[in-house]
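Biologist: Could you take me slowly through this chain, with the reasoning behind each reply?

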Amino acid sequence: MKKLMTMTRQFRDDENGAAMVEYSILIGIIAAASILIIIGIGIWVTGQFTGLCSALNGHGAAGNTTCAAATS
């Protein structure tokens, strides 16, 4: 019985599981923030490229089809 009580106290006082959960939550928040930043940068770059293609209005370099493909 004494061994069981000792094991119960050790389990209660062990903080490794709590630390692991905290680090997992932190990693999840960092991953989500990174994904949102990458998506935001992608949307901004797409907007800039589309704006450039609209400003050129087909008066770019000869044979350049990337603006037409990007706006399709």
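The questions below move from the overall fold to single helices and then to the surface.

Biologist: How many helices and how many strands does the secondary structure of the chain come to?

Modeller: This is a predicted model, and read along the sequence its chain follows the pattern α-α-α. That pattern goes with a secondary structure of 3 helices and 0 strands.

Biologist: In which helix is confidence lowest?

Modeller: The chain averages a pLDDT of 81, and 79% of the residues score at least 70. Confidence is highest in α2, at a mean of 91, while the lowest mean in the chain is 55. Where pLDDT is low, the predicted coordinates should not be read in detail. The helix with that lowest mean, covering residues 66-71, is α3.

Biologist: How far apart are the end C-alpha atoms of α2?

Modeller: Helix α2 covers residues 16-56. Its 41 residues, at 1.5 Å a residue, should span 60 Å, and the model agrees with this expectation because the end C-alpha atoms are 60 Å apart.

Biologist: Which residue just after α2 takes a positive phi?

Modeller: Helix α2 runs over residues 16-56, and what we want is the residue found just after α2. There the phi is about 50°, and the residue that takes this positive value is N57.

Biologist: What number of the residues of α1 is buried?

Modeller: Helix α1, residues 2-13, has 12 residues and reaches 17 Å from its first C-alpha to its last, close to the 16 Å expected. A residue counts as buried under 20% relative accessible area. Helix α1 lies largely in the open, because the number of its 12 residues that are buried is 0.

Biologist: Is I37 buried or exposed?

Modeller: I37 is found in helix α2, and together with I41, W44 and V45 it makes a nonpolar surface patch of about 440 Å². The cut-off for the upper class is over 50% relative accessible area. Because its relative accessibility is 53%, I37 counts as exposed.

Notes:
Residues numbered from 1 in each chain as written. Predicted model: local features only at pLDDT ≥ 70, side-chain atom pairs only at ≥ 80, totals over all residues. Heavy atoms only, no water. Patch = residues over 30% accessible without salt bridge, like charges linked within 9 Å, V, L, I, M, F, W, Y side chains within 5 Å. Areas by Shrake-Rupley, 256 points an atom, 1.4 Å probe, with all protein chains shown as cover. Salt bridge = Lys/Arg side-chain N within 4 Å of Asp/Glu carboxyl O. Helix = DSSP H or I, 4+ residues; strand = E, 2+ residues; numbered from the N terminus. Buried < 20%, exposed > 50% of the residue type's maximum accessible area, 1.4 Å probe, protein only. Expected span 1.5 Å × (residues − 1). pLDDT = per-residue confidence, 0-100.
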